[in-house]
Amino acid sequence: MSFIKFLTSKTFFLNLLLAVVAIFVLSYLTLRWLDSTTNHGEFETVPDLTGTSISVAKAELEKNKLVMQIQDSANYNPDYPKFSVIEQNPKPGFKVKENRKIYITLNPSGYRKVLVPELTNRTFRQAKPTLEALGFVVGTIRYVDNIARDMVLEVSHNGEDLKSGDMLPKTSKIDLVLGNGNRPN
């Protein structure tokens, strides 16, 4: 039998019709299965967790059938309570599927500790920007008799002398003792 005669035969058209019907039936069944397993068209709204504690955030997310995923803590923000949510992804109000992970960033318990740099035998003009760049605050400045005017002679925090390499929380006040340019007696 020739190939062209086979393409025009009743058997070929019957098999072609069965193949087309099978494709449509399989496509229809696959789409119905996907609709039922992916909850097509059903969404949960992401709640606003900003400023809430971990336990409240977890309860709120479970109520909305969402999953909490804690990311690393951020820099301390004094506007929020300790260990509260300061950021979340996706943002509040977004529509997501149930069991979606909501990534939250927590406010740490305080400022991170920073290494105190070597400040003695530097001028105040050099020491002040160094301290401010590291996040420290220049506290009280006291002058003593020393020939080196505005030279940092001592560094302290809350009355305790500091050495290079000590660790203090960011935003700590550091007190300085400077030379006034007069010869000591």
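How many bridges join β8 to β11, and do the two strands run parallel or antiparallel? In this predicted model, β8 and β11 run antiparallel, with 4 bridges between them. If you want a spot to look at, find V155, which sits opposite L176 of β11.

From there you can move out to the rest of the sheet. It's an open one with 4 strands, ordered β7-β11-β8-β9, and its pairing is mixed. β7 and β9 are the edge strands, each pairing on one side only. Next, follow β8 (152-157) to its partner β9 (residues 160-161), a pairing that is antiparallel and takes 2 bridges. H157 has E160 in β9 as its bridge partner, and S156 faces D161, also in β9. β8 and β9 make a hairpin with 2 residues between them. One of the turn residues, N158, has a positive phi of about 50 degrees.

Now bring in the helix that goes with this sheet, α4 (124-133). Which residues of α4 are buried? They are F124, A127 and L131. These three span an arc of only 65 degrees around the axis, so they end up on the same side of α4. Their cover includes β7 (137-144), β8 and β11. Look at the face of α4 turned away from that buried side and you'll find the exposed residues R125 and A133. After the helix comes G135, with a positive phi near 100 degrees.

What do the helix and the strands build together? In soluble globular proteins, nonpolar side chains tend to be buried together. Here the largest nonpolar core has 15 residues, and the ones touching the most other members are L131, F136, V152, V155, I174 and L176. The elements giving two or more residues to this core are α4, β8 and β11 (173-179). So V155 and L176, the pair we started with, turn up again on the list of best-connected core residues. F136 deserves a closer look. Setting aside neighbours within four places in sequence, F136 is in contact with V114, L115, V116, P117, L131, L168, P169, T171, S172 and I174. Two of the names there, L131 and I174, are also on that core list.

There is a second, separate core too, with 11 residues, among them A57, M68, V85 and I104. To see the elements around these numbers, turn to the other sheet. It has 3 strands in the order β2-β5-β3, is open, and again has mixed pairing. β2 (67-70) and β3 (85-89) are at the edges with a single partner strand each, so one side of each has no neighbour in the sheet. Ignoring direction, neighbouring strands here are turned by 35 degrees against each other on average. β3 pairs with β5 (residues 101-106) in the antiparallel sense, over 4 bridges, and N89 stands opposite Y103 of β5. Helix α3 (residues 54-63) lies across β2, β3 and β5, and runs at about 145 degrees to β2.

That leaves helix α2 (residues 10-38). With 29 residues, α2 reaches 42 Å from first C-alpha to last, close to the 42 Å expected at 1.5 Å a residue. Right after α2 comes N39, whose phi is positive, near 50 degrees.

Definitions and conventions: Residues are numbered from 1 along each chain as its sequence is written. This is a predicted model: local features need pLDDT of at least 70, side-chain atom pairs count only at pLDDT 80 or more; totals for chains, interfaces and linings use all residues. Side-chain values use heavy atoms; hydrogens and water are left out. The expected span of a helix is 1.5 Å times one less than its number of residues. A nonpolar core is a set of buried Ala, Val, Leu, Ile, Met, Phe, Trp, Tyr and Cys residues joined through side-chain atoms within 4.5 Å. Buried means under 20% relative accessible area, exposed over 50%, partly exposed in between (1.4 Å probe, protein chains only). Contact means heavy atoms within 4.5 Å. The arc is that of the directions from the helix axis to the C-beta atoms. Two strands pair if DSSP finds at least two bridges between them. Axes are lines fitted to C-alpha atoms, for helices over the stretch in contact, and angles run from 0 to 180 degrees between N-to-C directions.
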